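Work through the exercises below with the structure open beside you. Try each task before you read its solution.

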Amino acid sequence: MITLYNINKERKSRKEKSFRKGFFTFHFSLFTSLLLAAMTMTSCSDFLDILPMNDVVLQNYWTQKGDVTSVMNSCYEALENKDCLTRLAVWGELRSDNVRAGSNVPNSINEILKENLLPSNEYCNWAKVYECINRCNTVCYYAPKVQAIDPNYTEGEMWANVAEATTLRALCYFYLMRTFRDVPYVTRPSIDDTENFVVPAMPFDELADTLIEDLENIKDYAVRRYYVDESPSAYQNSSKITRWAVYTLLADLYLWRGQWDKSIECCDKVLEYKRQQYDEMVERQGNVSELALIDGIPMILEKPLGKTDCGYAYNAIFGVGNSFESIFELYFSSNQSQQNDWVGDFYGNNNTTFGRLSCPDFLAKDVASGSNTVFKRTDGRIYESTQSSNSSYAITKYVRSRVNYSTQNVSSESDLHLSYSRRSSRDANWIFYRLSDVILIKAEALIERNQEGDLDAAFALIDIVSKRANDAVDGQRKSVLKRSDYDTKGSMEQLVLEERQREFLFEGKRWFDLVRFARRDGNNTRLVEQASRKYIDNVNAIKIKLADPNIIYFPYAKSELKVNTELHQNPAFTNDENSELSTK
């Protein structure tokens with residue numbers, strides 16, 4: 001019998017000889033090498049970290065389909081860059097209640113953890129993210145020109161590349177705006193010395209609307225699927241931008257903009273496709289042992305029918321990667337030079353139990369005994385994602401390549417009979433969106449729309465995610481959630497926020513969730529209550545500081561303010577930088 005685990009394991013172990021060998025091994029000509037050298041050099045401005053390209057290079061480079069393909073690949077490579085990916089994860093996770101200091105913590109990280117964030121902090125520098133944006137802009141600019149002169153480069157292929165680059169660009173801007181609020185928006189590539197990139201920041205709402213318009217314009221050009229599911233190259237269906245990644249990003253943007261119907265509509269597109277994909281798999285294979293419908297939505301089960309141990313969903317989603325549930329994730333392989341150093345450095349690796357970050361006690365302590373207020377004792381997500389060591393809790397999500405455990409009759413951690421393997425290399429994929437995102441985005445949009453029946457529908461969706469995590473078998477397990485406990489819109493809002501924390505623990509989403517709710521609430525009360533839970537000392541001082549509505553965004557880097565005179569510092573960070581709030 002073909003299983004999802006074996007299919008994905010084969011995908012990741014084989015050395016690809018096509019399109020993305022080792023994910024990013026390029027065979028460039030001299031002009032290609034000159035181009036990428038120009039694209040990776042540092043200019044005087046941190047805003048766009050790419051030098052204008054030499055005219056000779058341009059005349060000889062953008063002439064054929066392969067040139068577009070190569071630079072399109074480099075957009076993914078830019079996103080995978082250590083400095084870029086680390087910033088995306090730091091921005092979405094570090095200030096939340098999910099993490100606290102681990103071992104060998106650099107000062108720049110420690111200061112963010114202490115809420116002593118200053119414009120001089122290296123993680124306020126956004127240059128690497130704008131480098132990815134500029135590469136995407138370059139593809140969008142040159143792809144139509146190449147299509148006009150290369151008969152082998154079809155119009156459909158050209159528009160697919162433009163859709164791919166536009167979506168990656170929008171994803172980068174989405175991270176920037178959720179982190180800094182108002183940021184410069186540029187769609188012109190840096191290809192000419194005369195270009196002026198000293199531009200003002202676009203307001204948050206205007207930028208969100210602009211990104212939505214960009215994505216709506218290209219969504220129907222995006223590739224639906226690159227390979228059939230059994231192909232060894234099928235991992236590219238979730239490690240490259242597809243139409244379903246576009247719809248999911250749109251759903252998320254609509255959620256932030258309060259356009260509930262649009263968000264729900266985009267989610268339904270993805271859910272319908274996943275159901276279609278599941279039906280196709282069942283038709284081809286006759287039985288998919290690790291995948292089943294839970295209240296109508298196909299999901300990978302933690303404990304498939306007939307199995308005694310849990311961990312199958314974790315192993316497929318985070319261990320092997322590019323699972324059935326994946327929508328978009330960065331692919332890393334031990335065969336490629338660029339590795340996922342975020343996981344290796346900040347969460348841990350095969351040689352160290354603790355990375356630079358650890359899990360706060362309130363999230364992981366006493367779960368198995370039933371005394372934890374965040375996780376039920378049957379919730380496998382916490383056992384998969386953390387490890388107790390010397391009265392502290394290490395982060396193991398992505399670090400472990402395989403887990404097995406039992407949640408039957410658990411009253412202590414020893415009852416889990418937990419076994420696991422840790423990665424020997426830094427090849428963990430990094431997930432931006434997966435099926436659970438779509439389910440919970442739709443649930444949140446339903447709660448906020450709050451029409452007749454919406455709260456019931458939202459609870460049912462949240463319950464699907466919870467059922468799978470709490471050892472669901474073919475959707476038959478009784479829910480650990482009670483609808484009667486969430487009888488108001490406010491309590492349902494809190495439920496979806498709590499379920500998102502449980503489901504996406506350490507996935508770089510929690511701080512953004514708190515920011516989104518604070519924007520919707522019109523105050524930081526909920527954010528302060530949640531984010532301050534990890535602190536032990538100076539808690540009141542932290543709460544007072546976080547109450548400032550401007551403080552939830554990062555400051556612009558000092559270096560950026562020097563080169564872009566159109567930027568104006570976040571008012572929460574205009575005071576003397578030497579003033580510090582100690583939370584040691």
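Glu329 stands opposite Ile431 in β10. Keep that pair in view for the opening exercise. The model is a predicted one.

**Exercise 1. Place strand β10.**
Find the strand joined to β10, give the direction of the pairing, and decide how far β10 is enclosed.

Solution.
- Step 1. Start from the pair Glu329 and Ile431, which face each other, Ile431 being in β10.
- Step 2. Strand β4 covers residues 326–330, and four bridges join it to β10.
- Step 3. β4 and β10 run antiparallel.
- Step 4. Now check burial. A residue counts as buried under 20% relative accessible area.
- Step 5. In β10, residues 430–434, five of the five residues are buried, so this strand is largely enclosed by the rest of the structure.

**Exercise 2. Examine the loop before β10.**
Locate Ser425, state its exposure, and list its contacts beyond its sequence neighbours.

Solution.
- Step 1. Ser425 sits in the loop between β9 (419–422) and β10.
- Step 2. Its relative accessibility is 24%. Partly exposed lies between the limits of 20% and 50%, so Ser425 counts as partly exposed.
- Step 3. Set aside the neighbours within four places in sequence. Ser425 is then in contact with Ser334 and Gln339.
- Step 4. Look at Asn350 too. Asn350 and Ser425 are 75 residues apart along the chain, while their C-alpha atoms are separated by 7.6 Å.

**Exercise 3. Order the strands of a sheet.**
Trace the open sheet of four strands and name its edges.

Solution.
- Step 1. The order is β1-β5-β7-β6, and the pairing is antiparallel.
- Step 2. The edge strands are β1 (100–101) and β6 (386–389), since each pairs on one side only.
- Step 3. Take the β6 edge. Four bridges join β6 to β7, residues 392–395, and the two run antiparallel.
- Step 4. One bridge partner can be named: Ser388 is matched with Tyr393 in β7.
- Step 5. Recall the general rule: strands of a sheet pair through backbone hydrogen bonds, either parallel or antiparallel.

**Exercise 4. Account for a buried arginine.**
What does Arg181 contact, and where is the nearest side chain of opposite charge?

Solution.
- Step 1. Arg181 lies in the loop between α8 (155–180) and α9 (204–218).
- Step 2. Arg181 is buried yet has no salt bridge.
- Step 3. The nearest side chain of opposite charge belongs to Asp182, 4.4 Å away. A salt bridge needs the nitrogen and oxygen within 4 Å.
- Step 4. There is a polar contact instead to consider: the side chains of Arg181 and Asn550 make one at 3.1 Å.
- Step 5. Leaving aside neighbours within four places, the contacts of Arg181 include Leu176, Phe204, Pro549, Tyr553 and Asn570.

**Exercise 5. Follow three salt bridges.**
For each pair, give the distance, the elements linked and the exposure of both partners.

Solution.
- Step 1. Arg449 and Asp261 meet in a salt bridge, 2.8 Å from N to O. This pair links distant parts of the chain, with Arg449 in α17 (residues 435–449) and Asp261 in α12 (residues 260–285), 188 residues apart. Arg449 is partly exposed at 25% relative accessibility, and Asp261 is partly exposed at 47%.
- Step 2. Lys467 and Asp295 meet at 3.0 Å, N to O. Lys467 is in α18 (residues 454–469), Asp295 in the loop between β2 (291–294) and β3 (297–300), 172 residues apart. Lys467 is buried at 12%, whereas Asp295 is partly exposed at 45%.
- Step 3. Arg381 and Glu503 form a salt bridge, with the closest N and O atoms 2.8 Å apart. Arg381 belongs to α16 (residues 380–385) and Glu503 to α19 (residues 489–503), 122 residues apart. Arg381 is buried at 6%, and Glu503 is buried at 4%.
- Step 4. Widen the view. Salt bridges that share partners join Arg381 and Glu503 into one network with others, among them Glu325, Asp379, Lys397 and Arg434.

**Exercise 6. Step back to the whole chain.**
How many helices and strands does the chain have, and what share of its residues count as buried?

Solution.
- Step 1. The chain has 23 helices and 10 strands.
- Step 2. Of its 584 residues, 61% count as buried.
- Step 3. The chain exposes about 21900 Å², and carbon and sulfur atoms supply 45% of that area.
- Step 4. Among contacts with a separation of 6 or more, 71% are between residues 24 or more positions apart.

How values were computed:
Residues numbered from 1 in each chain as written. Predicted model: local features only at pLDDT ≥ 70, side-chain atom pairs only at ≥ 80, totals over all residues. Heavy atoms only, no water. Pairing = 2+ DSSP bridges. Buried < 20%, exposed > 50% of the residue type's maximum accessible area, 1.4 Å probe, protein only. Contact = heavy atoms within 4.5 Å. Areas by Shrake-Rupley, 256 points an atom, 1.4 Å probe, with all protein chains shown as cover. Lys, Arg positive; Asp, Glu negative; His and termini not counted. Polar contact = N/O pair within 3.5 Å; in protein donor to acceptor, adjacent residues only side chain to side chain.
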